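Trainee: Before we turn to the details, could we go through this model together, with the cut-offs stated as we go?

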Amino acid sequence: MKLAGFERWLKETMGLDASTIGPTIVDRALRERMAAAGSADLAGYWQTLRASPLEQQELIETVVVPETWFFRDREAFAALAQRFGPGGSGERTLDRLRLLSLPCSTGEEPYTMAMAMLDAGLPGERLAIDAVDISERALAKARRAVYGNNSFRGSELQYRERHFSPVPGGWQLGAAARERVNFQQGNVLDIGFLPGEAVYDAVFCRNLLIYFDPPTQARTVAVLDRLLRPDGLMFVGPAETGLMLSLGFVSAQLPMAFAFRKPAANDAAVVPAAATAARPLPKPLPAKAAAPAPAKPRPRVAPAPAAIPAATPAAAPAANAAPLQIAQRAADDGRFDEAIAICQAQLREHGPSVEALYLLGLVLGAIGQATRAEDSFRKVLYLDPAHEETLMHLALLLDAKGDAAGARVLRSRAQRHRKHEIQGGGRT
Ligand SMILES: C[S@@+](CC[C@H](N)C(=O)[O-])C[C@H]1O[C@@H](n2cnc3c(N)ncnc32)[C@H](O)[C@@H]1O
């Protein structure tokens, strides 16, 4: 048995395309397992592997990439809280919000989902998060919920004060967030994986598909599609966005969140490029004049599916729209420097605008430039005091730097504006 045979076994069993991590890693993993199993050569190890489910799991444990940390790509969690938190358009009023983290690795991702939703004000008993991973070892760490410095990256760590307490060897997550997450071992490629249909309001499948080849990616996305509610959101990693578009998902237009939704019946008319191009441009940002907003109720910026027309010829300034679309796409693809440069050029050439400042704030926030992000968001609010998304993002930044009172004020401002809009809409 040669290396290629083991690589084939890994692909069939867990989806891993060895070329994504490099042959040396697989080779090293095999040598490590051969030594542990007492096999003299690859042929002997192959026999052991085929005969022993325990050894199969050990080999899987040796090749998985468990890299993860709290609030990784934090805009995804802001978008989740905004959509499904109290007052959000996806709020579930009667039953529980159900979320899935797959793969959850050592737990940082599902626990972040719990912290984000609890911080947004969702009562714990209305939140249920399922978290699945193929690695038993990763799950054991997740269940312990004690984390070292590597899990806390970046400078915005105030959530740690709120949710963790120091223990020997790291930080222990508190019960409030822990109790919301149910961990289970599972392989997304297994027949019968998470049986059932469309139960989740949001699925996080981040940084898994990058390790799969195209057929396995398509198979995995079909499983996730089955599990996601028709109005649900699917979050992927920055490098996985193009794949989702090519598999028929539609950008949820939540900048930097790398979020997608299922296509609606009228999407073909809205995004004609989707039929022909592998990677259609996201729908245009709603263009808006640079002048301060009038005090009248403003339309919600968070796009309802298919609510934004493909073009808004009457909106001004039309010249700004295309560069900002490009900036948004660069941001969605993780090309943050490019996105920042385009926003800054727009601001230089056309003066302050809500769209450019808002996107700039999101990108700066995503790369950990919290002070500059805050500055950009404050400029948005100067132009448009009711800009709901900015109020929510700025609240998150204030939360992160420990200004809980300031964050509360911004959130209640956002809720007030939202109510005002709903009531205004009801009267017309
Ligand atoms: C890089 S981590 C991603 C963790 C988290 N989603 C994030 O983005 O931070 C990849 C995880 O995928 C898991 N994994 C790999 N193949 C899998 C499969 N077929 N089914 C379930 N989990 C798998 C690995 O065990 C590993 O923990």
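The exchange below takes up the ligand site, then the enclosed space and two backbone features.

Mentor: Keep in mind that this is a predicted model, in which local features need pLDDT of at least 70 and side-chain atom pairs count only at pLDDT 80 or more, while totals for chains, interfaces and linings use all residues. Residues are numbered from 1 along each chain as its sequence is written, and side-chain values use heavy atoms, with hydrogens and water left out.

Trainee: Which residue has a polar side-chain atom 2.6 Å from an oxygen atom of the ligand?

Mentor: Being near the ligand requires a heavy atom within 4 Å of it, and of the 19 residues around the ligand, those that come nearest are T68, R72, P103, D133 and N207. A polar contact is a pair of N or O atoms within 3.5 Å; N207 places a polar side-chain atom 2.7 Å from a ligand oxygen, and a polar backbone atom of R206 is 2.9 Å from a ligand nitrogen. The side chain at 2.6 Å from a ligand oxygen belongs to D133.

Trainee: Which element supplies the largest share of the lining of the largest cavity?

Mentor: On a 1 Å grid over the protein atoms alone, a cavity is a set of points where a 1.4 Å probe fits but cannot get out, and lining residues have an atom within 4 Å of a point. The largest cavity holds about 160 Å³ of space, and F71, D119, L396, D399 and R411 lie nearest its centre among the 17 residues that line it. Helices here are DSSP runs (H or I) of at least four residues, and strands are runs (E) of at least two, numbered from the N terminus; α5 (75–84), α6 (108–119), α8 (158–163) and α17 (388–400) each supply at least two lining residues. The largest share, five residues, comes from α17.

Trainee: Where does F71, with its positive phi, lie in the fold?

Mentor: Most residues other than glycine have a negative phi. For F71, phi is near 55 degrees. The position of this residue is the loop between α4 (53–63) and α5.

Trainee: Which two residues does a cis peptide bond join?

Mentor: Most peptide bonds are trans. One partner of the cis bond, P103, is placed in the loop between β1 (97–101) and α6, and P103 is also one of the residues that come nearest the ligand. With omega at about 5 degrees, the bond joins L102 and P103.

Note on methods. A polar contact is a pair of N or O atoms within 3.5 Å; within protein, one must be able to donate a hydrogen and the other to accept it, and residues adjacent in sequence count only if both atoms are side-chain atoms. On a 1 Å grid over the protein atoms alone, a cavity is a set of points where a 1.4 Å probe fits but cannot get out, and a pocket is an open set with protein on both sides within 12 Å along at least five of seven lines; lining residues have an atom within 4 Å of a point. Grid points are joined across faces, edges and corners, and a volume is the space filled by probe spheres set on the points.
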